[in-house]
Every structure is written in structure tokens, then in C-alpha cells.
Amino acid sequence: MEDYRFKKIDCLAGVGEARAALFEKKGIRTIEDLLYFFPRTHEDRTEIKEIADCTAGETVCVSITVFSPVHEKRIRRNMTVYSMTACDDSGAMNIVWYNNRFVKGQFMTGDKYTLFGKVTANNRGKLEMINPIYEKLGKERFTGKIVPIYPLTGTLTQKVVQGTMELAIKEAGRLKEYIPDEIRKKYNLAELNYAMKNIHFPDDFKSYNIARQRFVFEELLVLQLALLGRKDSNSHTEGIVFEDTMCVREFAKTLPFPLTNAQKRTLNEIMRDCSHGLQMNRLVQGDVGSGKTAVAAAAIYAAVKNGHQAAMMAPTEILASQHYETLTEFFKDMNINVVLLTGSMKAKEKRLAYDMISTGAADVVVGTHAIIQKQVEFYDLAFVVADEQHRFGVEQRAKLAAKGHNPHMLIMSATPIPRTLALILYGDLDISIIDELPPGRKTVKTYAVGENMRKRIFAFIEKNINAGTQAYVVCPLIEETEKSDLQNAEDLAAKLQSIFPKFKVGLMHGKMKSKLKDEIMNEFAAGNIQILVSTTVIEVGVNVPNANLMIIENAERFGLSQLHQLRGRVGRGSEQAYCVLFAHGKNEVTKKRMETMCMSNDGFYISEQDLKLRGPGDFFGTRQHGLPEMKIANLFEDADILKQSQEAAQYIIADDRNLESEKYNGLKRRCQRIFDDEVIMN
Ligand code: ADP
Ligand code: MG
């Protein structure tokens, strides 16, 4: 028998080519896709009010009899008003539609209807209902009940989706349950058919919650099974064995500072992985400035001392050059040859680098994506570091790994996500967390201010720069048009230059050639530019200790983790550092978010607040965290279900690692699909 779930939705009545195309835009092709398109919210239309009890401002259902037929009145070009009088036992009300010629001829005097719409008072103080939904008495589908409201864009209307959904649920008949009975019993989960009906068309909110609970669990279970499945295939790949792990101690002795306990712990975890005969896949999460580079350098040192090559890949040329310099400095006098490879190098320089890499003359290669190009062949690559992980795709990671024979992979991320989430969600990687900053760090003093403070802030900038420091000014990317991005930063740079004629103002943005960006960054690092205006291109890793001011324009447009990351660019030198957030809008959430930035310097705490305040859609919407978008689960509020589903996923994997038995068929299929249409770690 053909499984109804996999049928295209155009088999449903009322779904033709045009509508199918609209649904497709929402990623909905099959009946199953449609069923898993969950409502954004529900509208409670259960209560039918008497007309006499209605008040202006409320949105209600009324059950009426048509008193007079629809009257048409054109009040200006493009605006026609249709109105009729309706009554119930308690009174009468004017019903109004704007530009809806379909209502004309729809209503006969004496007809009985249920209406749902917003009640307003007209300019004579009389109550009116505007643009209501109407359904014949006794034939109600979306009035007099709890009605789903879907997240829509474009020309797809609620009515179409509601109607199509109702049909799909009816036509789909009995769906086969995915979650094995024993698990459903253990976690008290609703059965699929009950849940499917009630997630869309609940009889009451209690039933809805029961249904939601089940789908949240299901979504998180599938995600974790998929991630655990990947981890499983990784953790059984053979790996190169580093015989000498103690050598990292020698390296640590050469550092100008003692490692923090968190750095030591992380390094121990890495070295243990590298000596056990399996390939390492480890994510290091550490706040900005927690010293991830030193940890990576120690591990790279060990790879070289064990007779192999190591590579470190960074997302931007600036960062690659900086790492190159840092490593060269760390490894000077150690007879370790570090080579830089970036896209903007001259062909001749590149060729030289290729030769050194393929003959083994280069012990360590630092670079950008240029490292994973076809031409690059390693002599013996055993250890790979990918810095600022969220910028790389899985595919790029795989390409990097393919440059050696299962080299150990160390992925470093400076975008902390709440601990519990990290442990659960990065199921395909082992995780180390550097949760300690080197001692003696001054916290960056942070202030959220409005436009009225601009003069004072400018005076403050002037005073600091006169005292010999430097400032960053960051503007957001404005998404609509690329041009306005440039305009934004360019305008601001010009304005600042005219305000501060004594200082040199530089400009840097993402659309510039990387060579030019490098030049500007170098000028800033050398102190020849005092104020650097830029978009978020400076976000990752750049180190200019003399800069002590970070001014962020339209701070309300950034994610908190991103603000924290930007703020991490200052406070690297001996001067007290300041971060000024120009925030607009009086919105409560914005206020709370800015407060969070002012009161905390802890990236993990901040990301937790960000998740709490913005909700998972926005949090993960930025794709910084490399996870598929959640359809229904709220990773903050559903933390308990997250834990339960993790437990269940582990139980299932222990029971049947590859989900081969019949009872896991459905789950297996959903796991395989989860990463299909998602870009992971973009
Ligand atoms: P991130 O984790 O953000 O990549 P970095 O590795 O760039 O941080 O380190 C930030 C700064 O802290 C660097 O100047 C580095 O030399 C310094 N640093 C790293 N570890 C320590 C430590 N244990 N004690 C003192 N300073 C340290
Ligand atoms: Mg770094």
C-alpha cells in the first residue's frame, strides 16, 4: 500500500499547481511535510459573545442573523466599503468589509452565520465588526473553536493553510507511530494520531499541551539520534597515535605565562585523545580571551614533536596572518617551520608554500580556505585546528580532514552556548570548555546609551585617543540592500573624520578585497589609524591591545553573543577598556538585553540570556550555532524535555546502534532527513 504521508500535497482537493508552489516555498512538498508544519499559535474562538456584551478592541465570535443585505459604497479610488446590519437576541451591529467584493451577494436577509473578527467603535461611537471571517451556522470550521494560526509569508493565507491542513489530517488516516511504545510509556508521550490532530486542531488547550509535549520530545529525540549517529561513526575511526604526550610540558614552560587550570584541563583532554588510537573530534568552547590559541599551539607542538605536520585554518585572512605571527613567535628557536597560505598570496609565494607543504619542509601550515584547495598536498598531516568553528561548513571540515589520514580535528569556537545545550547538541563532537580567563584581566566597562549621550561619548573618545589609545566603531549590516550597508559605514566614517579632523579615521567592511582589509587592519594595529569604523568583519579574533574603546551603533540589531564577541576586541592591553552600546527603541526586550551586556562579561551567561530573551528562532536563526532550526522545541523552556530526550536517545543507541530493527524504522527515516535540507555550520 502506498504510504499516504509521502504523497505530494497536490493530491489534496483545492491544492493546484499555484498553491503547491506557495507551499513549496515553505519547504512543504509532501503530506508529511504539511502535517509537521506546526501552528505558530492558536486563537481561542470558542466563546460566542452576545452583541450587547461586545466592547471595542476585542476580537470575538458572534452568532448572528442577517438583518439587511450587503450595501456597497465606493469612498475613493481603490477603496470600497461593504457593510450590512446583523443582529442577535441582544442587539444589532454593523459588519464592515473593506475591498472584499466577494461578500456582496453572499448574505441573504434571515441567513444565520457565525462571525469572527475585531470589534471597533466607529466615529459615531457605534460598535462595528471589521473584516470578519464568516461561516454558515452549523457548518463552522474555523469559528466557535480553537483555531491554528500558521507562520505565513507571501500570498498563502491562513484560511488556505487551515483548510488544507484539516483535509490532510482527515485524508492521511491512521499514521504509523514512530516512537516505540516502551519509550512513549516511559516518558508519558501522546500517541502520534492524537497528537497530530491536537497540535493543529485541539479541542482545548490541555490537549494542545499534551500534543506539543510529544512533538517537542520527538523533535529533540530525532536531533540527538542524528547527532549521536554521527559521533558514533566518527569515534570509531582509527587515528594516529602520538607516543610522546609529555612534550607539551616542555612547550608550556616556554610560554611567558602559566596556563590556567581550564587550559591545562583542555590540553589534557586533547592529548589523551591523540594518544588513544582513535581519531579526535573535539570542540573547544571558550570565551573571548580565554586563551584558546595557546592551547592549540601546545597541541600543534606535540604533533610536530611526534614527527607529523599540523595545520590551522582560520575564517579570514586577517585572522590567519595573526595566528601565523603568534605561532611563529611561540615556536621561534624551536626549529619548527611555520608557513602561511592564503588566497591573496602571489602565485609564486603560493607555489613555494605548496612545495614546502608537500615535501614536509613545513611543519605547521596556517591559512584560510586556501589550505583545502586541490593543489595543496601534505606530506604527513596529523593534526588540524579549525578556529572559530561556526564559520566553516561540515564539508570544509571534511575536506581539511581529507588532507591527511584521519588527522585529529580540533575545532575552536568563541561563540559560547549554554553549557547544558552544548553538551547535548554538539552530540557529534567531544567538548572541552575553557571557563576561566587568565588572571588579572580587567573587565570591559560597558554602557548602553541613547542618542542624547552622543556628544559626551564623542568627547570621551577624543579624550582617550589624546591619551594615546585607539577606538573601534562598529555598525550593523543592514540586510535589505547591500548598498546601504556600505553607505552606513561609509557615512559614519566620513562624519567621524569631520568631527575629529586631528585623528585618522579608517574604514573597513566585508565587501572590500581581503588585501585592502589586511592593509587597513595593519595600519590600525600599527597605530596609524586612531578610529576604525567597520562592519562586523572585525568580529573574529583580531588582536590590537592598544585599542580600548568599542563603540557599537544600533546595538539592538546584534545578537548578544555577537556583541560580547565584539567587545572582546578591547580590553587586551593595560588600559581600562570601555564598550559603548548605542541602542535605539524602548522595547522591553532590547532594554533587558542591553542590561545583560552591561552587567555581565561572561560569554556563557550572556548566551543563556540571549536564548532566553530572544527565543530559539532568533538565537539559532543566526546560524552561528550550526544547528538545524527547531520547528517546535524551545531549547530554553523545554530544557526538561531536552534532558529526557537525551536519555531516550542514549537508550536507543545502546539498544540498537544503527537503528536497524523494525521498531526504529520511522525514527531512522526522520533522522536521515534532519540534515538533508539544512546547512550545518555555515
Ligand atoms: P581566544 O581564546 O579569544 O582565542 P587568545 O588565544 O587570543 O584568546 O588569547 C588572548 C590573550 O591572552 C593572548 O594575548 C594570549 O597571549 C593571552 N593568554 C593566553 N593564555 C594566557 C594565560 N594562561 N595567562 C595569561 N595570558 C594568557
Ligand atoms: Mg581566538
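The legends below describe close-up views of a predicted model.

**Figure 1. Residues around ligand 1 in the predicted model.** The ligand is surrounded by 14 residues (a heavy atom within 4 Å), and the closest are Gln 263, Gly 289, Lys 292, Thr 293 and Arg 441. By class, five of the surrounding residues are nonpolar, six polar and three charged.

**Figure 2. Polar atoms close to ligand 1 (N or O pairs within 3.5 Å).** One oxygen atom of ligand 1 lies 2.6 Å from a polar backbone atom of Gly 289. For the side chain of Thr 293, an N or O atom is 2.6 Å from an oxygen atom of the ligand. A nitrogen atom of ligand 1 is 2.9 Å from a backbone N or O atom of Pro 258. Of the 570 Å² of accessible area (Shrake-Rupley, 1.4 Å probe) that ligand 1 has on its own, the protein covers 77%.

**Figure 3. The largest nonpolar core (buried nonpolar residues, under 20% relative accessible area, joined through side-chain atoms within 4.5 Å).** Among its 71 residues, Leu 35, Phe 215, Phe 217 and Leu 225 touch the most other members. Helix α6 (residues 205-234; a DSSP run of H or I, at least four residues) gives the most to this core, with twelve residues. A second core, apart from this one, has 51 residues, including Phe 503 and Val 544.

**Figure 4. Surroundings of Phe 217.** Beyond neighbours within four places in sequence, Phe 217 is in contact (heavy atoms within 4.5 Å) with Ile 179, Ile 183, Tyr 187, Leu 189, Ile 641, Gln 644, Ser 645 and Ala 648.

Residues are numbered from 1 along each chain as its sequence is written, and chains are lettered from A and ligands numbered from 1 in the order in which they are written. Local features need pLDDT of at least 70 and side-chain atom pairs 80 or more, while totals for chains, interfaces and linings use all residues, and side-chain values use heavy atoms, without hydrogens and water.

Methods: Polar contact = N/O pair within 3.5 Å; in protein donor to acceptor, adjacent residues only side chain to side chain. Nonpolar A, V, L, I, M, F, W, Y, C, P; charged D, E, K, R; others polar. Buried < 20%, exposed > 50% of the residue type's maximum accessible area, 1.4 Å probe, protein only. Helix = DSSP H or I, 4+ residues; strand = E, 2+ residues; numbered from the N terminus.
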